[in-house]
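Open the model in your viewer and keep the selection tool at hand. We will go from whole chains down to single residues, one stop at a time.

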Amino acid sequence: MRAFSQLLDGLVYTRSRNGKLDLIANYMRTAPDPDRGWALAALTGNLDLKAVKASAIGEMIRDRTDPVLFEMSRDYVGDLAETVALLWPKREDQPPEIDDATLSLSAVVDRLHAVSRAAAPAKLAQMMDHLDASGRFALLKLATGGLRVGISARLAKTGFAQAFNLDVDDVEECWHALSPPYTTLFEWAEGKSDRPDPAGTPFFRPFMLAHPLEAESVDLTDYAAEWKWDGIRVQIVGTGEQTRLYSRAGDDITGSFPEIAAAFRHHAVLDGELLVKGEFQGGQEHGGAAASFNALQQRLGRKAVTAKMMDDYPAFVRLYDILLDADEDLRALPWEQRRAALETTVPKLDPHRFDISALIEATDFESLADIRAGARDAAIEGVMLKRRDSPYVAGRKAALWYKWKRDPLTADCVMMYAQRGHGKRSSFYSDYTFGCWTDEGELLPVGKAYSGFTDEELKWLDRFVRTNTVNRFGPVREVEKSLVLEVAFDSIHESKRHKSGLAMRFPRIARIRRDKPPHEADTVAGLRRLVS
Amino acid sequence: MPHWIEPHPTGIYVRPADAWIDPSVPQARALVTHGHADHARGGHGHVWATEETLAIMALRYGTAFGTPVGYGEEVRMGGVTIRYVPAGHVLGSAQIVLEHAGERVVVTGDYKRRPDPTCKPFEPVPCDILVTEATFGLPVFRHPDTGSEVDRLLAALHAHPDRCVLVGAYALGKAQRLIGELRGRGHHDPIYIHGALERMCALYADFGIDLGELRPATGIPAKDMRGHIVVSPPSALNDRWSRRLPDPITAMASGWMRVRQRARQKNVELPLVISDHADWDELTDTLREVAPSETWITHGREEALLHWCMTHQMRARALEMVGREDEDEG
């Protein structure tokens, strides 16, 4: 168990993505079977154990410690599992902080699989006695079904692929043909057998992505244009019997949007934008409308969805592309042919949950530019340009697809607070909260940004923060309200989260306006007029 | 009648000796347990402390002053017999044992029970009144074996030959102990140290504590520090100073590192639970062993320890001391 608990600890403390990948890869290379398979299941969220209730843990610890000391400890530590893991008193004849190596991860999983609810506290306690604090924490997190180490399933798979020099997309393609502890997967990874055959399972295919448009113009005889909708990219994979939804990172999000999966009985793989119904972005003339990204956000990252959530924020998918039609792989075909296939497919789908992303009719690039300029009123993020002969290929390939976002909005704001960044930036004050003026002459925070500046500018900003600090609140420094930052953002919305009542989307520092006196910065009222 | 020992927010007053123990404001006569700034302040008229503690105070506050008291040596002061006994906390740290009118009082100062290559081990002294610290006075604080923590540090170092491991450790005590523990685990490579540690490490060496080869971490190219351990005060971990280092893995040696959130807040990637204070088991074991008829708790999480004393039929009270834990946070 120690190797696994050390891995979890490492993942909690390591900030960098590469660091996390190294940890996972190293574990996958060195841990024995079937431990590493169970670990991979736990990290990807595929370990299905009868969850032990938190109350069982409470019961277990109350039998063993003074309840007053337990409550004081819990007040101090916060997390129940961590508190119990830390103060677990071992029996007198055992050294307190040693993992005695008698319990392997697979032994723990076997026991947790078999345990009944009534026997859970006693069984857990028995295992706790053999572990150190990290091991006890890992055990309790496994038992209650929430590892929460801050990594996605995709990252875990990427780490696994890295361990054996595999392409993560090859792993992804066979993933759903497998089940924990993934014996066949490890055999293939180590060259002992062929790749498991994914046929008949709804597995993820890597997305095709777009570059930002940098050229002055493109020829519309070569490129088709459509609206860039502001939701999240999803892939719908249906085998006719099963349907799965995948996010751009390849994470299975079917559970968060059961109504979409339930409405799709088709045998195909489609690419589209997941949106919530509404009138915020687009309209009839854009081939449909949708609610704002904020509305969709209410539905993201949820394990369980209530009927009320589905009623209040009804989801649908606006389709962009088709990758597979039944068993026929269309990805090598030119976009035009795939589009034609998509147009024949969409009418067969539930119109309540699926529509097609309309193409923009423009005679030439100039008229497209005009249409795009008008899109702001319709709160549309921008325009996509797709080469008519482009195959569907993984990742970003030059000159095939472009995103042409509308120009950002900007506002002159005053820096109010700064905070240190993470990782390589941990010695820099790189996260800035900025504000605008109220009618009463008070500065109210309107947003926070930590990008957009060059390394040189960051050094300058860091120095500014250090020499102009007027107050410290833990890690946060309040600065002299003297520096104007030109902030660029894609859009601005009403929000209850901030005192100013406004929230920016994708705010970043466009320019440092050392030339501008702070009282000439923008007002909250002015910003409010930009709300789309 | 008031007791001959009086706790005050600014220190413990020993009335018949007219002297203060670890006063936080300047006093004419001060008995000092050890050199950390929350116990040893500058500006006292006369100080009684171990030779090592006096040297540390001289280094920090300038001129040497006061009377050195060796471990075990007896000093008589206005009808009080005073003895300094090793506390195992840092170099020169002492418990102060006071005897008067047939009663024995032990003031532990800060202490720990586990071995430390840089100072003499704690000696339990049975007494009537024990005045104890409680920095880690919660049962969640149970420091793991020091050797296994040091091994984790060495494993991280060897796994990343292109990086360095930067360990935050308090300038007095923890830094030298960490270096000593590393040497004890067979790590004899040069260790790079922050400028703020240089004089204290030299002082330890003067007292015969071999810390091996130490090099200043300033003024040398980053690449020379790859694959090496760098030790700095905790405040330099995430500050501009650390930008000179080759892609450091940030570690911190402190008892607080046992709690995830504390380590995360400090941006620490490699938390090492190495403490110079007694953990919960050491605190309670010491109380059982010394078996005082009354316990006074000076600072830390005294509530939990008070509760423990109560449930074990021991009389205890919490003193309201000010300004403790300013410097050495565990």
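Here is a tour of domains, contacts, helices and strands, with something to select at each stop.

**Before you start.** This is a predicted model, in which local features need pLDDT of at least 70 and side-chain atom pairs count only at pLDDT 80 or more, while totals for chains, interfaces and linings use all residues. Residues are numbered from 1 along each chain as its sequence is written, and chains are lettered from A and ligands numbered from 1 in the order in which they are written.

**Stop 1: the domains.** Colour chain A by its domain assignment: domain 1 (2–144), domain 2 (208–405) and domain 3 (409–528). Such bounds come from an automatic or database domain assignment. Taken over C-alpha atoms, the centres of domain 1 and domain 3 of chain A are 42 Å apart. Now do the same for chain B, with domain 1 (5–140 + 277–318) and domain 2 (146–272). Their centres, again over C-alpha atoms, are separated by 29 Å. Where they touch, domain 1 of chain B gives 17 residues and domain 2 of chain B gives 16; two residues are in contact if their C-beta atoms, placed from the backbone, lie within 7 Å.

**Stop 2: where the chains meet.** Show both chains together: 26 residues of chain B are in contact with 24 residues of chain A. On the chain B side, the elements giving two or more residues are α5 (260–265), β17 (270–272) and α7 (302–311). Helices (H or I, at least four residues) and strands (E, at least two) are DSSP runs, numbered from the N terminus. Which element gives the most to this side of chain B? Select α7(B), which gives the most, with five residues.

**Stop 3: two packed helices.** Select residues 80–87 of chain A, helix α6, and residues 133–144 of chain A, helix α9; they pack at an angle of about 145° with their axes 8 Å apart. Axes here are lines fitted to C-alpha atoms, for helices over the stretch in contact, and angles run from 0 to 180 degrees between N-to-C directions. Show side chains where they meet: among them are Val84(A) and Leu86(A) in α6(A), and Phe137(A) and Leu140(A) in α9(A).

**Stop 4: an open sheet.** Move to the four strands of chain A in the order β2-β14-β12-β3, an open sheet with mixed pairing. β2 (211–212) and β3 (223–228) stand at its edges with a single partner strand each, so one side of each has no neighbour in the sheet. Strands pair if DSSP finds at least two bridges between them. β2(A) pairs with β14 (residues 401–405) of chain A in the parallel sense over two bridges. Zoom in on Pro212(A), which stands opposite Lys403(A) in β14(A).

**Stop 5: strand β9.** Is β9 of chain A, residues 315–325, buried or exposed? Nine of its 11 residues are buried, so β9(A) is largely enclosed by the rest of the structure. A residue is buried if 20 or more other C-beta atoms lie within 10 Å of its own, exposed if 12 or fewer, and partly exposed in between, with C-beta atoms placed from the backbone. Add β6 (residues 267–276) of chain A, which runs antiparallel to β9(A) and is joined to it by nine bridges. Here Asp271(A) has Asp321(A) as its bridge partner. Next, add β11 (residues 354–356) of chain A, joined to β9(A) by three bridges in the parallel sense. Val317(A) stands opposite Phe354(A) there.

**Last stop: a hairpin.** Finish at β10 (residues 328–329) of chain A, which runs antiparallel to β9(A) with two bridges. Asp325(A) stands opposite Glu328(A). The hairpin has two residues between the strands, and Ala326(A) takes a positive phi near 50°.
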